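Visitor: I would like to learn how to read a protein model feature by feature. Could you take me through one, starting with the overall plan?

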Amino acid sequence: MALRPYQRALIGLAAAAGYTPTPQAWRDQMLKINGEFRRSAPDLGFRVALEIMLLAVGTFGAVVNLRNYTPGDGNSLYAGGMCIAIVAIGLALVSRNKIWYRFADGTLSALKGKSKVLWQEDFAGLESVVYTYGWLNSFIKLLWPHRKRRIELYSSLRRELSRSATRRTSNS
């Protein structure tokens, strides 16, 4: 069946935004994966360096702008508020550093730190997997009929999914 013009336009817009269709093998392999997947040391180091930079620049800018504030000067107050927003973004990124994923017996668990479970999902009924790439992070969105979860695609998980997709293709 041929795609309609509006479907082609939507696919083009989605691709421009970073959404790419994943091989069906990824969905199938997610049902079979067993193991733990964490952020690699180089990825974590790069992320921490970026967060430190954001926090330092934001804190410095907030202190300088709010310290130089005089009543009636909206620019300093606005700039100080923007710098506080930069600090908030940096803190939000820091809070996600220790998240890792465990695949076991058809379930996916998101954990933080040593073993605090943030959420757990059963793969039963998983309909599709959507891959979104970005400059800093890549994500996989897992779609069930009535819910969805988004997980970061760590390099170890990407290798496992790619390896399984290549094995599957070569065995066909």
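Guide: Gladly. The protein chain holds five helices and eight strands. Please keep in mind that this is a predicted model.

Visitor: In what order do the elements of the protein chain run from the N terminus on?

Guide: Reading from the N terminus, the order is α-β-α-β-α-α-β-β-β-β-β-β-α.

Visitor: And how much of the protein chain counts as buried?

Guide: Of its 172 residues, 32% count as buried. Contacts add another view: among those in the protein chain with a separation of 6 or more, 50% are between residues 24 or more positions apart.

Visitor: Let us turn to the helices. How does one describe a packed pair?

Guide: Two values do the job: packed helices are described by the angle between their axes and the distance between those axes. Here, take helix 3, residues 41-67, and helix 4, residues 74-95. Their axes come within 8 Å and cross at roughly 155 degrees.

Visitor: What does that angle make helix 3 relative to helix 4?

Guide: Helix 3 is roughly antiparallel to helix 4, because an angle over 145 degrees falls in that class. As for handedness, the crossing of these two helices is left-handed.

Visitor: Which classes of residue make up the contact of helix 3 with helix 4?

Guide: The contact has 14 nonpolar residues, seven polar ones and two charged ones.

Visitor: Could we look at single residues in these helices? Where is Ala-56, for instance?

Guide: Ala-56 has its place in helix 3. Its relative accessibility is 43%, so Ala-56 counts as partly exposed. For a link across the sequence, compare Ala-56 with Val-87: they are 31 residues apart along the chain, and their C-alpha atoms are separated by 8.1 Å.

Visitor: Now Ser-76: is this residue buried or exposed?

Guide: Ser-76 is buried, because its relative accessible area of 10% lies under the 20% cut-off. Ser-76 belongs to helix 4.

Visitor: Which residues does Ser-76 touch, not counting residues up to four places away in sequence?

Guide: Ser-76 touches Asn-65, Leu-66, Asn-68 and Tyr-69 on that count. For Leu-66, ten residues from Ser-76 along the chain, the separation between the two C-alpha atoms is 6.3 Å.

Visitor: On to the strands. How should I read a sheet?

Guide: Begin with the order of the strands and the sense of their pairing. Four strands form an open sheet in the order 2-3-4-5, with antiparallel pairing. Its edge strands are strand 2 (35-37) and strand 5 (116-122), each pairing on one side only. From one strand to the next, the twist averages 20 degrees.

Visitor: And the side chains?

Guide: In a regular strand the side chains alternate between the two faces of the sheet. To follow the pairing itself, look at which residues stand opposite one another. Strand 2 pairs with strand 3, residues 99-104, in the antiparallel sense over three bridges. Within this pairing, Glu-36 stands opposite Arg-102 of strand 3, and Phe-37 stands opposite Tyr-101 of strand 3.

Visitor: How many bridges join strand 3 to strand 4?

Guide: Six bridges join them, and strand 4 covers residues 107-112. These two strands run antiparallel. One of the pairs to find is Phe-103 with its bridge partner in strand 4, Leu-108.

Visitor: What connects strand 3 and strand 4?

Guide: They form a hairpin with two residues between them. Asp-105 lies in the loop between these strands. Notice its backbone: Asp-105 has a positive phi of about 50 degrees although it is not a glycine.

Visitor: Is Asp-105 buried or exposed?

Guide: Asp-105 counts as exposed, because its relative accessibility of 71% is over the 50% cut-off.

Visitor: Which pairings should I look at further along the chain?

Guide: Try strand 6 (residues 128-132) and strand 7 (residues 139-143), which run antiparallel and are joined by five bridges. Val-129 stands opposite Leu-142 of strand 7. Strand 7 is also joined by five bridges to strand 8, residues 148-152, again in an antiparallel run. There, Lys-141 has Arg-150 of strand 8 as its bridge partner.

Visitor: How many residues does the hairpin from strand 7 to strand 8 pass through?

Guide: That hairpin joins the two strands through four residues.

Definitions and conventions. Residues are numbered from 1 along each chain as its sequence is written. This is a predicted model: local features need pLDDT of at least 70, side-chain atom pairs count only at pLDDT 80 or more; totals for chains, interfaces and linings use all residues. Side-chain values use heavy atoms; hydrogens and water are left out. Two strands pair if DSSP finds at least two bridges between them. Axes are lines fitted to C-alpha atoms, for helices over the stretch in contact, and angles run from 0 to 180 degrees between N-to-C directions. Angles under 35 degrees count as roughly parallel, over 145 as roughly antiparallel, 65 to 115 as roughly perpendicular and the rest as oblique. A crossing is left-handed if the near helix is turned anticlockwise from the far one by less than a right angle, and right-handed if clockwise. Ala, Val, Leu, Ile, Met, Phe, Trp, Tyr, Cys and Pro count as nonpolar, Asp, Glu, Lys and Arg as charged, and the others, Gly among them, as polar. Buried means under 20% relative accessible area, exposed over 50%, partly exposed in between (1.4 Å probe, protein chains only). Contact means heavy atoms within 4.5 Å.
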